[in-house]
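Welcome! Here is a short tour of a structure that may be new to you, so please take a look at it before reading on.

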Amino acid sequence: MDFRNLSRKDLELWALDQGMPAFRGRQLFRWLWRPFFQDFSQVTDFPKALRLKMPGLGTFYSLRTITQEISIDGTRKWAFGLNDGQVVETVLIPGQDHNTICVSTQVGCAMGCKFCYTAQMGYVRDLAPSEMAGQVLRVIELVGPEERPRNIVFMGMGEPLANYDNLLKSLEILLDDMGLNFSSRRITVSTCGLVPKIERLGKDTNVGLAISLHAPDDQVRSKIMPINRRYPLAELIKACKQYHLSPRQRITFEYLLLGGITDRPVHARLLAKLLQGIPAKINLIPFNEIPKIGFKPPGPRDVLAFQEILRDANYTTIIRKSRGNDISAACGQLHASVEEMV
Ligand code: SAH
């Protein structure tokens, strides 16, 4: 058993189950999520006999750093080795006064979006809660307290809502003030549009929601994102309208600009209409080139024209600067493979 898969509450129950007081579980939880925790002998608030007994009761896994790359823009990308030899990538994006960590939720992805490099790997496996929260812990250890990320985006490899239960458990650990102590306002989960899970996420958590929208009509969207055939735009938009938001919170819509395919003025006007009535902010993402894919990036003037139309319709619209492109750390470019690493 991996103790890092358990929330504070789970560990309290575990302690009771072992015939110990619940606070032992709480004590263990604190230690497990402290940077550089390495050995049960460090749990100094446990009696010595219990410390010695711990390795027989369970274990805890940490991620292994395989490679670290630093972009000219300061973005850092790590490949982390998991317990079974699989590899995931995690990215740290520097901001003006705080960093954002981009966390992976699966090895590979089953969603099959035509423009995404991770999709080309196919689906390998879900990440455990310890492996998702573990990416954050490992990065905190690697960069130190000064550069500790303040924001978490679940926008790395994989579809977070296709790994829902583990995602929720990792959120519990990340949000716990005895765990990694993040604020739910600083966490955003991004999805390609698994409608029933969007509805659940809104009920189960207070985290922010980002939708990889990428096209304003079903015809184009179904062509580039197979998930749209299962959950077409009308259903997706309805789920967004119902998503629980706090007063100043908005849903982020990511919109991929594919040259000639989604970047025309007509698309911008349709998009403005589609999002009417939703507290929205729009992130335009010019297509990042990836191997073996025929799409083209949009022209710079088309990007500005697209933004202009949305701004005229009163949407907060930013053009997402491509970060870490030189180290393949930008949106859609994560693609870990063991062969690549060695
Ligand atoms: N599966 C989730 C989380 C991945 S987030 C989701 O779909 O939201 C990664 C973001 O990068 C998604 O918005 C994805 O659609 C986008 N993306 C994928 N390939 C891209 C590419 N080649 N260029 C730019 N953005 C891309």
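What follows covers some helix packing and then the surroundings of the ligand.

This is a predicted model, in which local features need pLDDT of at least 70 and side-chain atom pairs count only at pLDDT 80 or more, while totals for chains, interfaces and linings use all residues. Residues are numbered from 1 along each chain as its sequence is written, and side-chain values use heavy atoms, with hydrogens and water left out.

**Helices that pack together**

Two packed helices are described by the angle between their axes and the distance between the axes. Helices are DSSP runs (H or I, at least four residues), numbered from the N terminus. Axes are lines fitted to C-alpha atoms over the stretch in contact, and angles run from 0 to 180 degrees between N-to-C directions.

Let us begin with helix α5 (residues 129-143) and helix α6 (residues 164-175), which pack at about 40 degrees with axes 8 Å apart. That makes α5 oblique to α6, since angles under 35 degrees count as roughly parallel, over 145 as roughly antiparallel, 65 to 115 as roughly perpendicular and the rest as oblique. The crossing of α5 and α6 is right-handed (the near helix is turned clockwise from the far one by less than a right angle). On the α5 side, P129, M132, A133 and V136 make the contact, and they meet N166, L167, K169, S170, I173 and L174 of α6 (contact means heavy atoms within 4.5 Å). This contact has 7 nonpolar, 2 polar and 1 charged residues.

On its other listed pairing, α6 packs with α7 at about 25 degrees, their axes 12 Å apart. These two helices are therefore roughly parallel to each other, and α6 passes α7 in a right-handed crossing. Here Y164, D165, L167 and L168 of α6 meet K197, R200, L201 and D204 of α7. The residues divide into 4 nonpolar, no polar and 4 charged.

Helix α7 (residues 195-204) also comes within 9 Å of helix α10 (residues 233-242), axis to axis, crossing at roughly 0 degrees.

**Around the ligand**

How many residues surround the ligand? There are 19, and the closest are F115, S190, S212, H214 and N288 (a residue is near if one of its heavy atoms lies within 4 Å). Some polar contacts (pairs of N or O atoms within 3.5 Å) are listed here.

| Ligand atom | Protein partner | Distance |
|---|---|---|
| oxygen | polar backbone atom of T191 | 3.3 Å |
| oxygen | side-chain N or O atom of E254 | 3.4 Å |
| nitrogen | polar backbone atom of C331 | 3.5 Å |

Key: Nonpolar A, V, L, I, M, F, W, Y, C, P; charged D, E, K, R; others polar. Polar contact = N/O pair within 3.5 Å; in protein donor to acceptor, adjacent residues only side chain to side chain.
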